[in-house]
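Work through the exercises below with the coordinates open. Each task is followed by a solution in short steps.

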Amino acid sequence: MKKFELWQGDCLELMKNIPDGSVDLVLTDPPYNMGKAKWDVIDGYDEWIVSCVLECQRILKPNGCMYLWHNDVFCFGRIVEKIKSKTAF
């Protein structure tokens with residue numbers, strides 16, 4: 001059986017410790033910025049999501065896969081357009 005590590009903390013800070021092109025799968029369910037809780041309000045949300053995706057792009061293997069959940073289809077449509085223009089996805 002393969003060993004694994006589980007890290008807890010700010011994803012953008014922790015991912016800085018992960019080597020480029022070393023991850024098979026990124027599975028993420030980020031805050032939706034819907035304001036239903038204090039932690040769910042992020043200034044500059046679209047750019048924050050893009051920064052997360054860029055870091056995922058950096059750590060993923062060339063044949064790696066990323067899954068990103070989101071709840072607000074209209075907001076996500078806007079985010080997808082930004083991801084398409086600012087990343088290699």
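**Exercise 1. Packing of α3**

Task: find which element the buried residues of α3 pack against, and where those residues sit on the helix.

Solution. The model is a predicted one.
- Step 1. Check contacts first: the buried residues of α3 pack against α2.
- Step 2. List the buried residues: C75, I79 and I83 of α3 are buried.
- Step 3. Look down the axis of α3. The buried residues fall within an arc of 75°, so they line one face of the helix.
- Step 4. Recall the helix geometry. An α-helix has 3.6 residues a turn, so residues three or four places apart point the same way.
- Step 5. Turn to the face directed away from the buried side. This face of α3 carries the exposed residues V73, F74, K84 and S85.

**Exercise 2. Helix spans**

Task: compare the expected span of α3 with the distance between its end C-alpha atoms, then repeat for α2.

Solution.
- Step 1. Take 1.5 Å times one less than the number of residues.
- Step 2. For the 14 residues of α3 this gives 20 Å. The end C-alpha atoms of α3 are 20 Å apart, which agrees.
- Step 3. For the 15 residues of α2 the expected span is 21 Å. The end C-alpha atoms of α2 are 22 Å apart, which also agrees.

**Exercise 3. The buried side of α2**

Task: state what the buried residues of α2 pack against.

Solution.
- Step 1. Collect the buried residues of α2. They are Y45, D46, I49, V50, C52, V53, E55, C56 and I59.
- Step 2. Read off their partners: the buried residues pack against α1 (11-14), β1 (23-28), β2 (60-68) and α3.
- Step 3. Zoom in on E55, a residue of helix α2. Leaving aside neighbours within four places in sequence, E55 is in contact with L12, M15 and K16.

**Exercise 4. Salt bridges between α2 and α3**

Task: identify the salt bridges of K82 with D46 and with E47, and classify the accessibility of each residue.

Solution.
- Step 1. Apply the cut-off: a side-chain nitrogen of Lys or Arg within 4 Å of a carboxyl oxygen of Asp or Glu. The count comes to nine salt bridges.
- Step 2. Take D46 and K82. Their side chains form a salt bridge, at 3.2 Å from N to O. This pair links distant parts of the chain: D46 lies in helix α2 (residues 45-59) and K82 in helix α3 (residues 73-86), 36 residues apart.
- Step 3. Take E47 and K82. Here the N to O distance of the salt bridge is 3.9 Å. Again distant parts of the chain are linked, with E47 in helix α2 and K82 in helix α3, 35 residues apart.
- Step 4. Classify. Buried means under 20% relative accessible area, exposed over 50%, partly exposed in between. D46 has 11%, so D46 is buried. K82 has 25%, so K82 is partly exposed. E47 has 37%, so E47 is partly exposed.
- Step 5. Extend the search from these pairs. D46, E47, R78, K82 and K86 are linked in a network of salt bridges.

**Exercise 5. A salt bridge inside α2**

Task: describe the salt bridge between E55 and R58.

Solution.
- Step 1. Distance: the closest N and O atoms of E55 and R58 are 2.7 Å apart.
- Step 2. Placement: both residues lie in helix α2, three residues apart, about one turn of the helix.
- Step 3. Accessibility: E55 is buried at 16%, whereas R58 is partly exposed at 26%.

**Exercise 6. Rings and cysteines**

Task: classify the ring pair Y67 and W69, then say how many disulfides the whole structure holds.

Solution.
- Step 1. Search the whole structure for aromatic pairs: there are two. For Y67 and W69 the ring centres are 6.5 Å apart and the planes are at 35°, so the pair is tilted.
- Step 2. Check accessibility. Y67 is partly exposed at 45%, and W69 is partly exposed at 42%.
- Step 3. Search for disulfides: the whole structure has zero. C56 is in no disulfide, and its nearest cysteine sulfur, that of C52, is 6.8 Å away. C56 is buried, at 6% relative accessible area.
- Step 4. Repeat for C75. C75 is in no disulfide either, with the nearest cysteine sulfur, that of C52, 13 Å away. C75 is buried, at 9%.

Note on methods: Residues numbered from 1 in each chain as written. Predicted model: local features only at pLDDT ≥ 70, side-chain atom pairs only at ≥ 80, totals over all residues. Heavy atoms only, no water. Helix = DSSP H or I, 4+ residues; strand = E, 2+ residues; numbered from the N terminus. Buried < 20%, exposed > 50% of the residue type's maximum accessible area, 1.4 Å probe, protein only. Phe/Tyr/Trp six-rings, centres within 6.5 Å; stacked < 30°, edge-to-face > 60°. Arc of directions from axis to C-beta. Contact = heavy atoms within 4.5 Å. Disulfide = S-S within 2.5 Å.
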